[in-house]
Amino acid sequence: MTNRISWDEYFYGIAQLIAQRSVCLRRKVGCLVVRNHQILCTGYNGPPAGHPHPQELGGCERDIEGIKPGERLELCWCLHAEQNAILQAARNGVSIEGAEIYVTTFPCPICARMIANSGIKEVKVFGSYPGEERSRLVLERSGVKAAYVDVSGFRVSLPES
């Protein structure tokens, strides 16, 4: 038997790399949707295509207004990583029915609802998100499994951002 990383560690490393594409000034999030160990689509948090980045607009509106993480999400110009992955799949005609989604932070309640309606069956998470109790409830009630993945012994070396 060879000594190689697990599938969860593999997808964790990729999710961390995807997050580095984010232009969010608060939190860089990456995700990927996988079925049968094959990557179907990816996403990171950022503004809609063609829209100016937060830094070009003078900073994060929610930071400027002193809004706490996890609150007043509608004021952010950016889409979440999960939203971008689901939209990428739709745009490219890729079915994500029955897939798993790996996310660097627990989905917000809006993303949890989108995940439930997209047909994704399982959420694997590497980090917490403020107010995730509501998200957990949405996923649980919708029959979507959600679990933290222990990758504590695995280290990914990424460039400093």
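**Close-up views of a predicted chain**

**Figure 1. The aromatic residues W7 and Y10 stand three residues apart in helix α1 (residues 7-19), and are therefore separated by about one helical turn.** Helices (H or I, at least four residues) and strands (E, at least two) are DSSP runs, numbered from the N terminus. The model is predicted, so local features need pLDDT of at least 70 and side-chain atom pairs count only at pLDDT 80 or more, while totals for chains, interfaces and linings use all residues. Residues are numbered from 1 along each chain as its sequence is written, and side-chain values use heavy atoms, with hydrogens and water left out. Rings of Phe, Tyr and Trp (its six-membered ring) pair if their centres lie within 6.5 Å; planes under 30 degrees apart count as stacked, over 60 as edge-to-face and the rest as tilted. This rule gives seven aromatic pairs. One of them joins W7 and Y10 in an edge-to-face arrangement, with 5.6 Å from centre to centre and 85 degrees between the planes. W7 is partly exposed at a relative accessible area of 41%, and Y10 is likewise partly exposed, at 38% (buried means under 20% relative accessible area, exposed over 50%, partly exposed in between, with a 1.4 Å probe and protein chains only).

**Figure 2. The rings of F11 and Y102 form a tilted pair, because their centres are 4.9 Å apart and their planes meet at 45 degrees.** F11 belongs to helix α1 and Y102 to strand β3 (residues 100-103), so this pair ties together parts that are 91 residues apart in sequence. F11 is buried, with a relative accessible area of 0%. Y102 is also buried, at 2% relative accessibility. Ring pairs link both residues with W7, Y10, Y12 and F126 into a cluster.

**Figure 3. Residues N36 and H37 occupy the loop between β1 and β2.** Strand β1 covers residues 30-35 and strand β2 covers residues 38-44. N36 is not a glycine, yet it has a positive phi of about 55 degrees. H37 is not a glycine either, and its phi is positive at about 65 degrees. N36 counts as exposed, at 67% relative accessibility, whereas H37 counts as partly exposed, at 35%.

**Figure 4. P130 is placed in the loop between β4 (122-125) and α5 (132-141).** This proline is partly exposed, with a relative accessible area of 33%. Leaving aside neighbours within four places in sequence, P130 is in contact (heavy atoms within 4.5 Å) with R27, P69 and G70. P130 and L79 are 51 residues apart along the chain, and their C-alpha atoms are separated by 17 Å.

**Figure 5. The close-up views belong to a chain with five helices and five strands.** Along the sequence, these elements follow the pattern α-β-β-α-α-β-α-β-α-β. The radius of gyration of the chain is 16 Å, close to the 15 Å that the globule rule gives for 161 residues, so the chain is as compact as a globular protein of that length. (The radius is taken over C-alpha atoms, and the rule is 2.2 Å times the number of residues to the power 0.38.) The C-alpha trace spans about 55 × 35 × 30 Å along its principal axes. Of the 161 residues, 43% count as buried. Among contacts between residues at least 6 apart in sequence, 58% join residues at least 24 apart.
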